[in-house]
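Student: Could you go through this structure with me? I'd like to start with the aromatic residues and then move around a bit.

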Amino acid sequence: MAKNLIIYYSRKGENYVNGNIEKLAKGNTEICAEYIQKAVGGDLFEIETVTEYGESYRACVEEAKKEWQENARPELKTYLKDIAAYDNIYVCGPCWCGTYPMAVFTQLEKLDFTGRKVMGLMTHEGSGLGSSEQGLKKACNGAIFGTSLAIHGAEAKASEQKIAEWAVRSIG
């Protein structure tokens, strides 16, 4: 039986939602990652940075923009060392500067994806997948790529069926 891994970065607290700044108890991407796990099973791995982003949404945006411009690789609290036990890997994150947060690339670039199937999920407030698929292809050496899915962040909670159908179809 195939083993699944769901790697995700998600932001709690202040987020941009339908044109407003709202405080979220749970980040939209975390909600989506949990829906994938519920649909296909597997292990969740949350990417967490050593240095936390600013509490305010605006401060976080500025920090994310600076990291993107510098092509930075922020240090993580913990790292996945090996993914050999997994067949399918979902990479989930919010759209920051048109792609995944740089912390996601910090993790992905340390792994060997040879022969693993990789699917991306991006939460966004209007930018769709941005350039996330290109970023995955560059970072996940040796992977076989499935179709990615964009989820409007404000609709994450209401997207369980859409996410579940995509997750199942991706490994079917």
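**Aromatic rings and other places**

Tutor: Let us start with tryptophan 166, which is buried, because its relative accessible area is 2%, and please keep in mind throughout that this is a predicted model.

Student: Which ring does tryptophan 166 pair with, and how is the pair arranged?

Tutor: Before I answer, it helps to know that a search of the whole structure finds 6 aromatic pairs. One of them joins the rings of tyrosine 16 and tyrosine 57, whose centres are 6.0 Å apart and whose planes meet at 25 degrees, so this pair is stacked. The ring of tryptophan 166 pairs with that of tyrosine 90, with 5.5 Å between the centres and 70 degrees between the planes, so that pair is edge-to-face.

Student: Where do tyrosine 90 and tryptophan 166 lie?

Tutor: Tyrosine 90 belongs to strand E5 (residues 88–94) and tryptophan 166 to helix H5 (residues 160–171), so the pair ties together parts that are 76 residues apart in sequence.

Student: And is tyrosine 90 buried or exposed?

Tutor: Tyrosine 90 counts as buried, because its relative accessibility is 0%.

Student: What about tyrosine 16, is that one buried or partly exposed?

Tutor: Tyrosine 16 has a relative accessibility of 32%, so it counts as partly exposed.

Student: Which residues form an aromatic cluster?

Tutor: Tyr9, Tyr53 and Trp96 form one aromatic cluster, and we will come across Trp96 again, since it is among the residues that line the largest cavity.

Student: OK, cavities then. How many of 30 Å³ or more are there?

Tutor: The structure holds 1 cavity of 30 Å³ or more, and the volume of the largest cavity is about 40 Å³.

Student: What lines the largest cavity?

Tutor: Its lining consists of Ala64, Glu67, Trp68, Trp96, Cys97, Tyr100, Pro101 and Met102. Sorted by class, the lining has 7 nonpolar residues, no polar ones and 1 charged one.

Student: Which helix gives the most to that lining?

Tutor: That is helix H2 (residues 57–70), which gives 3 residues to the lining of the largest cavity.

Student: Cys97 was in your list. Where does cysteine 97 lie?

Tutor: Cysteine 97 is found in the loop between E5 and helix H3 (102–108), and its phi is near 55 degrees, a positive value in a residue other than glycine. Most residues other than glycine have a negative phi. With a relative accessibility of 33%, cysteine 97 counts as partly exposed.

Student: And what is the phi of asparagine 71?

Tutor: Asparagine 71, although it is not a glycine, has a positive phi of about 50 degrees. Its place is in the loop between H2 and E5, and at 48% relative accessibility asparagine 71 counts as partly exposed.

Student: Proline 74 next. Where is its place, and is it buried or exposed?

Tutor: Proline 74 is also in the loop between H2 and E5, but its relative accessibility is 12%, so proline 74 counts as buried. Leaving aside neighbours within four places in sequence, proline 74 is in contact with several residues, including Tyr53, Glu67 and Met102.

Student: Last one: what does the side chain of histidine 152 have a polar contact with?

Tutor: The side chain of histidine 152, a residue in strand E8 (residues 149–152), is joined to that of asparagine 18 by a polar contact of 3.5 Å. Apart from neighbours within four places in sequence, histidine 152 is in contact with Asn18, His124, Glu125 and Gly126.

How values were computed: Residues are numbered from 1 along each chain as its sequence is written. This is a predicted model: local features need pLDDT of at least 70, side-chain atom pairs count only at pLDDT 80 or more; totals for chains, interfaces and linings use all residues. Side-chain values use heavy atoms; hydrogens and water are left out. Helices (H or I, at least four residues) and strands (E, at least two) are DSSP runs, numbered from the N terminus. A polar contact is a pair of N or O atoms within 3.5 Å; within protein, one must be able to donate a hydrogen and the other to accept it, and residues adjacent in sequence count only if both atoms are side-chain atoms. Contact means heavy atoms within 4.5 Å. On a 1 Å grid over the protein atoms alone, a cavity is a set of points where a 1.4 Å probe fits but cannot get out, and a pocket is an open set with protein on both sides within 12 Å along at least five of seven lines; lining residues have an atom within 4 Å of a point. Grid points are joined across faces, edges and corners, and a volume is the space filled by probe spheres set on the points. Ala, Val, Leu, Ile, Met, Phe, Trp, Tyr, Cys and Pro count as nonpolar, Asp, Glu, Lys and Arg as charged, and the others, Gly among them, as polar. Rings of Phe, Tyr and Trp (its six-membered ring) pair if their centres lie within 6.5 Å; planes under 30 degrees apart count as stacked, over 60 as edge-to-face and the rest as tilted. Buried means under 20% relative accessible area, exposed over 50%, partly exposed in between (1.4 Å probe, protein chains only).
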